[in-house]
Every structure is written in C-alpha cells, then in structure tokens.
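Dear colleague,

I am passing on the model we spoke about, with some notes on what turned up when its strands and surface were gone through. Please read the notes with the structure open beside you.

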Amino acid sequence: MSKTIRMIINGKKEVFHIGHDDGYGIIPDEETLCETLRERLNLTGTKLACGQGACGCCTVLMNDVAVPSCQILTAACDGADVVTIEGLHDPKTGELDPLQQAFIDKYAFQCGYCTPGIIMALKGLFINNPHPSREEIGEALSGNMCRCISQYHVFNAAELYMKQNA
Ligand code: FES
Ligand code: FES
C-alpha cells in the first residue's frame, strides 16, 4: 500500500503518493524536498547547488524553521508546512515581503543565486528571534555560502529590515 504525503506548500495543499510508478503525484521515496519543489511544482526559486547540505542555496522554511531542502526526503514531510521564496510575497497585493525589499534597497546580492536561500534563512531567524544581534545573524547565515561575497550587504539588509519592522 502506498504512503500518502500531505503538505501545505506556500499556503496550498499538496498531496503526493510514495511509489515507483511514473504517474502524476507519485514520487520515489529517495526524492528530496528540493527535487519535489523544483521539478514537480516548478518552484525553482529554491536553488540546488551542492546537494550535500553545505551551501544553503536550497533553504526553505519548514514549520517556521529554516532547513536545507536537499537534505530532507519528501517522504518524511507528511504534515509539514513549507514556505519557499515564492511564498513570501503578499498574495493579495503581490507586494514583496519587507525582507525581500530590504535586499533590493541595500543591493544585498550580485548574481543572486544564493539569495533565496539567504532570505529564507533570515526569515527563519526573524520568525523565531525578531531582534537578533549581529552575531546571531551571522550564526543563522553560517550555513549559507555566497561566492559573490555579498555578505556585508546582507547584514545591512537584515539590519534595515529590523529597523523598519521593529
Ligand atoms: S544545495 Fe542544499 S545545502 Fe547546498
Ligand atoms: S550573490 Fe552570487 S552567489 Fe551570492
């Protein structure tokens, strides 16, 4: 009997069945959450880079905690509430999340490949600690790599966000 996985992804109910058929909504038990998001739901804002839990590019929120989606099997996600970078904007107005806007205002990216993961890591931090110190921000981002070295601007964006949303 196949196992059913029910998740909320960006506010929408999704149902998958674990198995090895090729049918719609049927996924193998070795498929990662990152693959499901990108390849089945077309949520390609979640980036896949190292695939080994080392770079943070694939970070999403799961039950309000930032996690590397390349290290989580979709088969283990039953009941999870997942938010990706695509789920941050206001669904009614279409406006960006204030943290996304702060990244734009402070030019906190260059190529942008790492940016969704960094924003989701910070989002997880702010949900659980609305007024983090600079050290706590650094700690929250310690699993996120940026090859363009945009870190200083990322700190500026995080601090602007805190100032505007305190
Ligand atoms: S792609 Fe998941 S941590 Fe690098
Ligand atoms: S902005 Fe290019 S990898 Fe971070």
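Which residue in strand 2 does isoleucine 5 stand opposite? The partner of isoleucine 5 in strand 2 is phenylalanine 16. Please keep in mind throughout that this is a predicted model, and that what follows was computed from it.

That pair belongs to the antiparallel pairing of strand 1, residues 3-9, with strand 2, residues 12-18, and seven bridges join the two. Strand 1 and strand 2 form a hairpin that leaves two residues between them, and asparagine 10, which sits in the turn, has a positive phi of about 50°. Strand 1 also pairs with strand 6, residues 81-83, here in the parallel sense and over two bridges; within this pairing, isoleucine 9 stands opposite valine 82 of strand 6.

A second hairpin is made by strand 4 and strand 5, again with two residues between the strands, and asparagine 63 in its turn has a positive phi of about 50°. The two strands run antiparallel and are joined by four bridges, with strand 5 covering residues 65-68, and methionine 62 is found opposite valine 65 of strand 5.

Strand 4, which spans residues 59-62, also contains valine 60. Because its relative accessibility is 0%, and the cut-off for burial is under 20%, valine 60 counts as buried. The C-alpha atom of valine 60 is separated by 7.3 Å from that of isoleucine 85, although the two residues are 25 residues apart along the chain.

Turning to the surface, there are two patches to report. Asp29, Glu30, Glu35 and Glu39 form a negative surface patch. Of these residues, glutamate 30 is placed in the loop that lies between strand 3 (26-27) and helix 1 (33-40), and with a relative accessible area of 48% glutamate 30 is partly exposed.

The other patch is nonpolar, has an area of about 230 Å², and is made by Leu96, Ile104 and Phe109. Isoleucine 104 is a residue of helix 2, which runs over residues 98-105. Is isoleucine 104 buried or partly exposed? Its relative accessibility is 38%, so isoleucine 104 counts as partly exposed, since that value falls between the cut-offs of 20% and 50%.

With best wishes

Terms used
Residues numbered from 1 in each chain as written. Chains lettered and ligands numbered in written order. Predicted model: local features only at pLDDT ≥ 70, side-chain atom pairs only at ≥ 80, totals over all residues. Heavy atoms only, no water. Patch = residues over 30% accessible without salt bridge, like charges linked within 9 Å, V, L, I, M, F, W, Y side chains within 5 Å. Areas by Shrake-Rupley, 256 points an atom, 1.4 Å probe, with all protein chains shown as cover. Salt bridge = Lys/Arg side-chain N within 4 Å of Asp/Glu carboxyl O. Lys, Arg positive; Asp, Glu negative; His and termini not counted. Charge placed at Lys NZ, Arg CZ, Asp CG, Glu CD. Buried < 20%, exposed > 50% of the residue type's maximum accessible area, 1.4 Å probe, protein only. Pairing = 2+ DSSP bridges.
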